Every structure is written in structure tokens, then in C-alpha cells.
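Me: I would like to go through this structure with you step by step, with the reasoning set out before each answer.

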Amino acid sequence: MNATPTLAPSTADPDLLHTLRALEVELHHPGVRCNAERLAQLMHEDFDEVGRSGRIYTRETVTRLLLSQEQPPAIVPDRFRLVMLAPDVALLTYRSAHRQADGSLTLHTLRSSVWTHSLQGWQLRYHQGTPAAETWDRPEETALTHTSHP
């Protein structure tokens, strides 16, 4: 008889959502986008991404793209939610949009990031952006959500 083992629920640090949100948003910040060393620290060596375009990107491709941007877009993220997939693996989901010069929001996107913890700290292992079916006018001022799953 093969029994499927079950994992005990993770007891993640209640501040982990804030930590991972800050690391995720750091990737949106123009100063970080110009720093190859920091990008290497934030992105796992096996990082890959499925962009909102449906294209697949590697760590090298994303690093090259971020470093080449002379004027990174003003990204407005909100609705962050964290689910622990394992003790050292976290799924961060949120939505984002690009703020235009007139203040309007475009490129509404639903985002998912898998963060892993190792000796180097928390690193982004996988990211996906999906075009949002519905748009919004401004970010929501809602509480961050944290849940743990086995």
C-alpha cells in the first residue's frame, strides 16, 4: 500500500510577505534595474519567466533587458498575496499596471512569482505575467494577505 505523505503546514515568518513584496518591487525600481550585481543576487541562477506576451525569458535575457532600459516604466503594483508552497518556497501573486505620464494605467497584468530561500537568501526562481481581463483606475489600498499551505 502506497500512502501519500502529507507535509505539515508551513509556519512562515509573518513578515515574509513584506520582505518578498519589497524584493519584488525592488525589481521595478530604476536604480536596481541598472545594477547587474543586485539583479544577480535577486534572481536565482535557474530563473526563467513567461512574460505577459507569452514569450519565455531566461535570467540572462531579463538581465540584459533590464540593464538596457534607459527609462524604466513606472510600475504600480498592488493586491499582494503570499502562499507558502514549502518551508523554503513561496508563491507571491499580485497585479500591476504601468502609469502613463497623464496618470492613467495601462498594461494591466496579473503576476505570479516563485521565491526560493537558500544560503544566498530569498531569490526569484520563476515569474509569470498574464494580461488582466479587467482593468482598474488606481491601486487598491488593501491589506496584504498571507496564507500557508502544506
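**Buried pairs and strand partners**

Me: In which strand is the place of aspartate 78, and is aspartate 78 buried or exposed?
Reply: In this predicted model, aspartate 78 belongs to strand β3, which covers residues 74-86. Its relative accessibility is 4%, and since buried means under 20%, aspartate 78 in β3 counts as buried.

Me: Which side chain does aspartate 78 join in a polar contact?
Reply: Leaving aside residues up to four places away in sequence, aspartate 78 touches Tyr94, Arg95, Pro139 and Glu140. The side chain of aspartate 78 is joined by a polar contact of 2.6 Å to that of arginine 95.

Me: Over the ring of which residue does the charged end of arginine 95 sit?
Reply: Arginine 95, which shares a polar contact with aspartate 78, also has a partner for its charged end. That end lies 4.0 Å from the centre of a ring, and the ring is that of tryptophan 136.

Me: How many aromatic pairs does the structure hold, and what is the arrangement of the rings of phenylalanine 80 and tyrosine 94?
Reply: The structure holds one aromatic pair. The ring centres of phenylalanine 80 and tyrosine 94 are 4.6 Å apart and their planes meet at 15°, so the arrangement is stacked. The pair links distant parts of the chain, 14 residues apart, with phenylalanine 80 in strand β3 and tyrosine 94 in strand β4 (residues 89-99). In answer to both parts, the count is one and the pair is stacked.

Me: Are phenylalanine 80 and tyrosine 94 buried or exposed?
Reply: Phenylalanine 80 has a relative accessibility of 2% and therefore counts as buried. For tyrosine 94 the value is 4%, so tyrosine 94 likewise counts as buried.

Me: In which sense do strand β1 and strand β6 pair?
Reply: Strand β6 (residues 121-131) is joined by ten bridges to strand β5 (residues 105-118), and these two run antiparallel, with a hairpin of two residues connecting β5 to β6. Strand β1 (residues 43-50) and β6 pair over four bridges, and the sense of that pairing is parallel.

Me: Which residue of β6 is the bridge partner of methionine 43?
Reply: On the β5 side, tryptophan 115 stands opposite leucine 124 in β6. Methionine 43 also has its bridge partner in β6, and that partner is leucine 124.

Me: Where does asparagine 35 lie, and what separation do the C-alpha atoms of asparagine 35 and leucine 67 have?
Reply: Asparagine 35 is in the loop between α2 (30-33) and α3 (36-42), and at 34% relative accessibility it counts as partly exposed. A polar atom of the asparagine 35 side chain lies 3.0 Å from the backbone nitrogen of glutamate 37. Although asparagine 35 and leucine 67 are 32 residues apart along the chain, their C-alpha atoms are separated by 7.2 Å.

Me: What does the chain average in pLDDT, and over which residues does pLDDT stay under 50 with 29 contacts beyond four places in sequence?
Reply: The chain averages a pLDDT of 84, with 82% of the residues scoring at least 70. Over residues 1-12 the pLDDT is below 50, and beyond near neighbours in sequence this stretch has eleven contacts in the model. Where pLDDT is low, the predicted coordinates should not be read in detail. The average is thus 84, and the stretch with 29 such contacts is residues 142-150.

Notes: Residues are numbered from 1 along each chain as its sequence is written. This is a predicted model: local features need pLDDT of at least 70, side-chain atom pairs count only at pLDDT 80 or more; totals for chains, interfaces and linings use all residues. Side-chain values use heavy atoms; hydrogens and water are left out. Two strands pair if DSSP finds at least two bridges between them. pLDDT is the predictor's confidence in each residue, from 0 to 100. Contact means heavy atoms within 4.5 Å. Buried means under 20% relative accessible area, exposed over 50%, partly exposed in between (1.4 Å probe, protein chains only). A polar contact is a pair of N or O atoms within 3.5 Å; within protein, one must be able to donate a hydrogen and the other to accept it, and residues adjacent in sequence count only if both atoms are side-chain atoms. Rings of Phe, Tyr and Trp (its six-membered ring) pair if their centres lie within 6.5 Å; planes under 30 degrees apart count as stacked, over 60 as edge-to-face and the rest as tilted. A charge sits over a ring if NZ of Lys or CZ of Arg is within 6 Å of the ring centre and within 35 degrees of the ring normal.
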